[in-house]
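Please open the model in your viewer and keep the selection tool at hand. The tour below suggests what to pick at each stop and tells you what is found there.

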Amino acid sequence: MSERKQLERLLASGWISRREFVKRMVALGFATSVPASMLASMPAYGAPKKGGTFRVGLGHGSTTDSVDPATWENAYTQFTFGYGSNNHLTEILPDGSLGPELAESWEPSTDAATWTFKLREGVEFHNGKTMEASDVIASLNHHRGEDTKSGAKGIVAPIKEMKADGKHVVVVTLEGGNADFPFVLNDYHLAIVPGNADGKIDAKSGIGAGAYVVKSYEPGVGAKLTRHKNYWRSDYGHFDDVEVLTIADVAARTNALTTGEVDAIDRLDIKTLHLLKRNKNISIKETSGTAHYTAAMRTDTPPFDNNDVRLALKYAVDREALLQNVLRGHGVLGNDHPIGLSNRYHASELPQRSYDPEKAKFHLQKAGMSNLKVDLSAADAAFGGAVDAAVLMKEHAAKAGIEINVVREPNDGYWSNVWMKKPWCMVYWGGRPTEDWMFSTAYAAGADWNDSFWNHEKFNKLLLEARSELNEAKRREMYVEMQRIVRDEGGVLVPMFNNYVFATSTKVETPEQMGANWGLDGNRGMERWWFKS
Amino acid sequence: MSDATESTVGQTADAVPPPPPRQRKLADAWRALKKAPLSAKFGLVVIAGYVFVALFAPVLTPYGESEIVGTEFEPWGEQFVLGTDNLGRDMLTRLLYGARNTIGIAFVTTCLAFLIGGVAGILAAALGGWIDQALSRMVDILMAIPALIFSLLLLTIFGTSIPVLIVIIAVLDSTRVYRLARAVSLNVVVMDFVEAARLRGEGIGWITIREVLPNIMPPLVAEFGLRFCFVFLTIAALSFLGLGIQPPTADWGSMVRDNATLITYGDVTPLLPAGAIALLTVGVNFVVDWFLHKTSGLRDDQ
Amino acid sequence: MYKLVKLVAQRLGLGAIVLFAVSLIIFLGVELLPGDLCQEIQGQAATPETVAACRKELGLDQPAATRYLNWLGNIAQGDFGVSLANQRQISELIGVRLSNTLFLALVAAIISVPLALALGILAALYRNTWYDRAVNVVTLSSISFPEFFVAYILILFFAVNFGWFPALSNVSPDTPFWERVYRVILPATTLTLVVVAHMMRMTRAAIINLLASPYIEMANLKGMSRSHIILKHALPNAWAPIVNVIVINLAYLIVGVVVVEVVFVYPGLGQLIVDSVQKRDIPVVQACSLIFAATYVLLNLTADVLSIVTNPRLLHPR
């Protein structure tokens, strides 16, 4: 992390002024030109207005949710606790790059296996305690070890050792080099919370260091939060109070926004979006990120163990039609790999795969088959419209002489009984902010969620090499090659990337550029947005 | 309906009076029908229309049940009379096929529920004693579990195929029928004429069929009319929780659910399947009312 | 009268057995569901190790029989235990929601029961007139619409277009009484539209069913007025089926309103139990089921007692 880059990010996120930026750049001996793209992302006039009670209605949230960071799994807990009442060591900025948060700066060793984090001083938790290195270590340890049930266990598993060097430096040693490690620390689970004397955290307390303090919380109903008086930064957290409600039914959610009972909602009903647009008091927002839909084929099970069969299926699907029908165009075509437009090394040079029944027939013949009959398991638990998508795929593939039998699975228990069990099924991926994270989660041989049970020697080797490569150009080359391999030889059909579509009342002001890593401005609308004056 | 065809097949053109008893019965029915109030006639026409549509759906519809024939949400027009749905399937076709699936499922389910619940209820009332106790407590247990939660559990365990759906809804519904059948039968079995029959030494079967059943028919038939329609609603509620009839099968309950959000923008599309359910409900219950009126022995002038 | 007391005592005893049977059925049912709490909570993010760790922590690695007996032992001491998912005391979790559910049911019942009785009696009185038909068509149409659809229509008119009532009924324990009533008007109206037809039609049918009885004929011959006959002679004997239907509908107002709760975001028990079934949080499902079952047993007993009290033949069998 060069100091210049960090300064640029500070500017982009709007927490140093342009004058401050110029001053510090001069001090560092750089020429002083502010990139125009960075200024665009800053609010046009002065500071956002403070105050007001911001009410959000979210489609997620269950009575079984809790404030324990290890259990956060849905957009409700992510938005309210993950990024609302908590801070992390790093922050993914609206443009997709990484900025500092509770860590002021960080430095890798040359092999990218040891990382030294310098913590921000004077950060106060909601209970008045000041953040120290021991809190950071306790927080991360909550997700490590034998007996953790954390959803983040897999991503902190490579941590070999964590050491405090004084009160404000943490040195993390990894099992191997990972140039993206600071990105991982932005995962919503890895909130920094106060540690106890025994090195553990109090997972039930709900105390964090974020912009908002949880006043009351009723799982599955809603939470009330109020601004943290001693929050360490003044450019985030403009609302005085925030209420986050669970409104599971999409029509109810939309009605609540229409009647002004909430100020923002997520997960709009795409089917009726054109009707909602007519309402002048509502502003519809859309961000295109890393979330995507896939149809994962088990490459260890016939007939999907034959790459020609997989290619035939990849050519037998009309992605344009799927995008139009299932997402009404609110998304981006997929190219059979999981790297999205907002990822740093997205391979735009790869030609877009299109619907070609003739090519599908060709590959089928190459596989020694004249026709093919396969089962495709689907349920709307995978993603809204998954069953419709499967039915459409059946129609498309019929033109290539492939008979897809759509098996409608129950929504309940889809992830435990269908996903990674049935030979071919519909899957949703929230996506990951870095290529390495995505690939090592679902494409590396033996990975827990490698849902295509894929094992590609060259890919696995490249993945390891790219992980510890600090040279940008070389990394890019490697990741492009990996995207090509996944596209042409992988077991996953990626028809499309879905946009996050959400809406606010026109009273709410949002920055021009919003985070695309999750919906609602990277799930940080609570601290990044404000009310119009 | 089947009565009519059977008897006409058996007739010769030059049949001489007096007509065989069957035909006389038919003639009586026809006379009763002619005298029926307007509402009952309306109800009968509606039911006949629905049955016709249900039976001949494949002939009447321009397209296949789940065939994608156009682009999504096409407006009403010549090619697609009622437009297309969210996947580009013809709405009219879906609606007509929906008649077949919805009515078929609801009818089978309700009959099954009345067979189980009605028989058990009357027996419990007529026999009393430990049989009554055992049946009533069993029903108590089943009814004490919230129906929607119970169906949620059972459908998740056994899957959401149509036969499973029918059996589960029928069994859960039969508990309600049982309670009603038992309650009204209890009122009847303490009546003098039943006691007289008992004293005469009539068997339990005879008493049930000849004395109890005719006297409890009216409330049971009224209940049948409503239960029949409630099946649609149960299916719609289950589809709200994601456990209804699975696509691409067309059924009105799920069609309302799929298009329900449109109503919040004043779009009438979801009113089509909902209206189809409502019309049938009204029709069935008008006929039920007429029957109720006739069996109550009241003269029309009262 | 002694007989009645004995009957009530007997039925309460049986009620306890019913509750036990319900708890067993529900426990087995949830056990039979595919997956367990740990898999469901971790969802797509589950790995074998984290699932195993979670099961160990929550005691889900023990055999089902052991867990059921433990639970039964605690229940016998009045301890509902804690939610497996978030370790909250179940009694605390349920308390607020139960009072919300009862409140909504009460408001809906206060509107719907008198309305249904009045409409039903009037329909019997003026049977086969245009009034009778109109009431029938309106109530039948209202129950033909799925309840979420009725709710959407009410919201469209009364919340979105006119702005008279809120679209959300999110009450909290510190909501003042009248504010609470105001907020539940729309869900209560929805429920009223859903249950009123059933009760009204049964009232009408039960009364008409009695009109051909000899004693009514007698009253007729005596020249009594129609309204007098229906109210004083037919209605008392028609109570049994009417009360039964009212009880079924009251039970429905308490236990069957999950869809209305979801649409109006009303924090009642229905949503809690559906969430808990989906996440396999057995202790919570059990506790909710027991409350629902107890409600049902008590209402049922009330109905039976009322049926007996209103029918002398049942009260004094020969």
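## A buried arginine and other backbone stops

Select A:R267, which is buried, since 21 other C-beta atoms lie within 10 Å; a residue is called buried if 20 or more other C-beta atoms lie within 10 Å of its own, exposed if 12 or fewer, and partly exposed in between, with C-beta atoms placed from the backbone. This is a predicted model, in which local features need pLDDT of at least 70 and side-chain atom pairs count only at pLDDT 80 or more, while totals for chains, interfaces and linings use all residues. Residues are numbered from 1 along each chain as its sequence is written, and chains are lettered from A and ligands numbered from 1 in the order in which they are written.

A:R267 is found in the loop between β11 (264–265) and α9 (273–276) of chain A, where helices (H or I, at least four residues) and strands (E, at least two) are DSSP runs numbered from the N terminus. Although A:R267 is not a glycine, its phi is positive, at about 45 degrees. Most residues other than glycine have a negative phi, and most peptide bonds are trans.

Move next to A:A112, in the loop between β4 (103–108) and β5 (114–119) of chain A. Here too phi is positive in a residue other than glycine, with a value near 60 degrees. Is A:A112 buried or partly exposed? A:A112 counts as partly exposed, because it has 18 C-beta neighbours inside 10 Å.

The last backbone stop is the pair A:P302 and A:P303, which are joined by a cis peptide bond with omega about 0 degrees. A:P303 sits in the loop between β12 (282–297) and α10 (307–315) of chain A.

## Chain B and its packed helices

Now show chain B by itself, and you will find eleven helices and zero strands. Of the 302 residues of chain B, 49% count as buried. Two residues are said to be in contact if their C-beta atoms, placed from the backbone, lie within 7 Å; among contacts in chain B between residues at least 6 apart in sequence, 65% join residues at least 24 apart.

Two packed helices are described by the angle between their axes and the distance between the axes. The axes are lines fitted to C-alpha atoms, for helices over the stretch in contact, and the angles run from 0 to 180 degrees between N-to-C directions.

Select helix α3 (residues 38–60) and helix α4 (residues 91–127) of chain B, whose axes come within 8 Å and cross at roughly 130 degrees. The contact is made by B:Y50, B:V53, B:A54, B:A57 and B:L60 of α3(B) and by B:L96, B:Y97, B:A99, B:R100, B:I103 and B:G104 of α4(B). These residues divide into nine nonpolar, one polar and one charged, where Ala, Val, Leu, Ile, Met, Phe, Trp, Tyr, Cys and Pro count as nonpolar, Asp, Glu, Lys and Arg as charged, and the others, Gly among them, as polar.

Keep α4(B) selected and add helix α5 (residues 129–144) of chain B, which packs against α4(B) at an angle of about 145 degrees, with the axes 7 Å apart. In this pair, B:A120, B:L123, B:A124 and B:L127 in α4(B) meet B:G129, B:I131, B:D132, B:L135 and B:S136 in α5(B). By class, the contact has six nonpolar, two polar and one charged residues.

## Where the chains meet

Bring back chain A, and select the 16 residues of chain B that are in contact with 18 residues of chain A. The side of chain B that touches chain A divides into seven nonpolar, eight polar and one charged.

Then add chain C, which has 14 helices and zero strands, and of whose 318 residues 52% count as buried. How many residues does the contact take from chain C and from chain B? The contact takes 57 residues from chain C and 51 residues from chain B. Helix α1 (residues 2–32) of chain C gives the most to the side of chain C that touches chain B, with nine residues. That side divides into 40 nonpolar, 13 polar and four charged residues.

## The largest nonpolar core

For the final stop, consider the nonpolar core, defined as a set of buried Ala, Val, Leu, Ile, Met, Phe, Trp, Tyr and Cys residues joined through C-beta atoms within 7 Å. The largest one has 331 residues, and those with the most contacts inside it include A:A312 and C:I207. Helix α9 (residues 204–240) of chain B provides the largest share of this core, 18 residues.
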